[in-house]
Amino acid sequence: MRIDVVSIFPEYLAALELSLIGKARQDGLLDLTVHNLREFTADRHRTVDDTPYGGGAGMVMKPEPWAQALESVRQDARPVLIVPSPAGAVFTQAMAHELAREEHLVFACGRYEGIDERVLEWAEGSFDVRPLSLGDYVLNGGEVAVLAIVEAVARLLPGVVGNPESLVEESHSDGLLEYPVYTKPSSWRGLDIPEVLLSGNHARIARFRRDEQLRRTASRRPDLLAKLDAGKLTPADLAVLAAEGYTVVHGRMAPAPPSSDS
Ligand code: SAM
């Protein structure tokens, strides 16, 4: 996969030289280049921002340096252009899987009040433009979002994570959060690991983990539970969720109505 990142703070992206992503780059699994937007300005001060039309606070990123930068990185047919923005669709694991199948991703890191809107319109001609948000909060710039999205996508590329099995059972891979994990010692500061994990009984361990996934998702992320197709849950799954106060309504999991005797 090829990735180009355009930013006015290229140093911010130095973290992508570390750990598994850094190794993937060294091993040639990921060809990642960071470009300084200021290299694509024409004035002495290398200006990338100006005041907003219509007035208001803050500055807006000028369109021409962006057009120059994006034209310089576009080589193939129609790369995906990811524009981090709190006004974008929220980035998910499903999107990470989808993006991991692309050959070329380009990231445009906004700063100030964001990038002149016409850049996105113009880019539609030669890029598959995707405004993406990390979540419902506002950061100072797109760089942190790039670090997060690149890490989530690149670890799905073949060969990046040593044991691909570890990608299968993770949170969000099947719509549920991951079960709790433990390591040695089995007893630590008065806290023992669940006995079943020492049983060597793989079926019991699998059932325990599944139950914990369901319980944890019900208590921490009921919004995820509501998206599950109840038809794909087993009677044992439904029993765990019933104990957590959930029942099937129109094929989805929903909080059970209070019983008449309560
Ligand atoms: N005025 C913009 C708005 O209200 O939508 C916010 C601009 S923010 C201060 C500057 C830049 O930070 C954005 O252009 C974007 O690149 C990045 N950014 C801020 N919050 C983000 C989020 N939740 N997800 C992804 N990128 C974000």
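A residue is near a molecule if one of its heavy atoms lies within 4 Å of it. The structure is a predicted model, in which local features need pLDDT of at least 70, side-chain atom pairs count only at pLDDT 80 or more, and totals for chains, interfaces and linings use all residues. Residues are numbered from 1 along each chain as its sequence is written, and side-chain values use heavy atoms, with hydrogens and water left out.

**Exercise 1. Describe the residues around the ligand.**

Step 1. The ligand has 18 residues around it, and Pro84, Glu113, Leu134, Tyr137 and Leu139 come nearest.

Step 2. Sort this shell by class (nonpolar: Ala, Val, Leu, Ile, Met, Phe, Trp, Tyr, Cys and Pro; charged: Asp, Glu, Lys and Arg; polar: the others, Gly among them). The shell holds 9 nonpolar, 8 polar and 1 charged residues.

Step 3. Assign the shell to strands (DSSP runs of E, at least two residues, numbered from the N terminus). The largest contribution, 3 residues, is that of β5.

**Exercise 2. Identify polar contacts of the ligand.**

Step 1. Apply the criterion: a polar contact is a pair of N or O atoms within 3.5 Å.

Step 2. At Pro84, a polar backbone atom is 2.9 Å from an oxygen atom of the ligand. At Tyr137, a polar backbone atom is 2.8 Å from a nitrogen atom of the ligand.

Step 3. For Glu113, the side chain takes part: one of its N or O atoms is 3.0 Å from a nitrogen atom of the ligand.

**Exercise 3. Determine which pocket the ligand occupies, and describe its lining.**

Step 1. A pocket is an open set of points on a 1 Å grid over the protein atoms alone, where a 1.4 Å probe fits, with protein on both sides within 12 Å along at least five of seven lines; lining residues have an atom within 4 Å of a point. A molecule sits in a pocket if more than half of its atoms lie within 2 Å of its grid points.

Step 2. The ligand takes the space of the second largest pocket. The volume of this pocket (the space filled by probe spheres set on the points, which are joined across faces, edges and corners) is about 490 Å³.

Step 3. This second largest pocket is lined by 25 residues, with Pro84, Ser85, Pro86, Glu113 and Gly114 closest to its centre. Its lining comprises 14 nonpolar, 8 polar and 3 charged residues, and β5 gives the most, with 5 residues.

Notes
Helix = DSSP H or I, 4+ residues; strand = E, 2+ residues; numbered from the N terminus. Polar contact = N/O pair within 3.5 Å; in protein donor to acceptor, adjacent residues only side chain to side chain.
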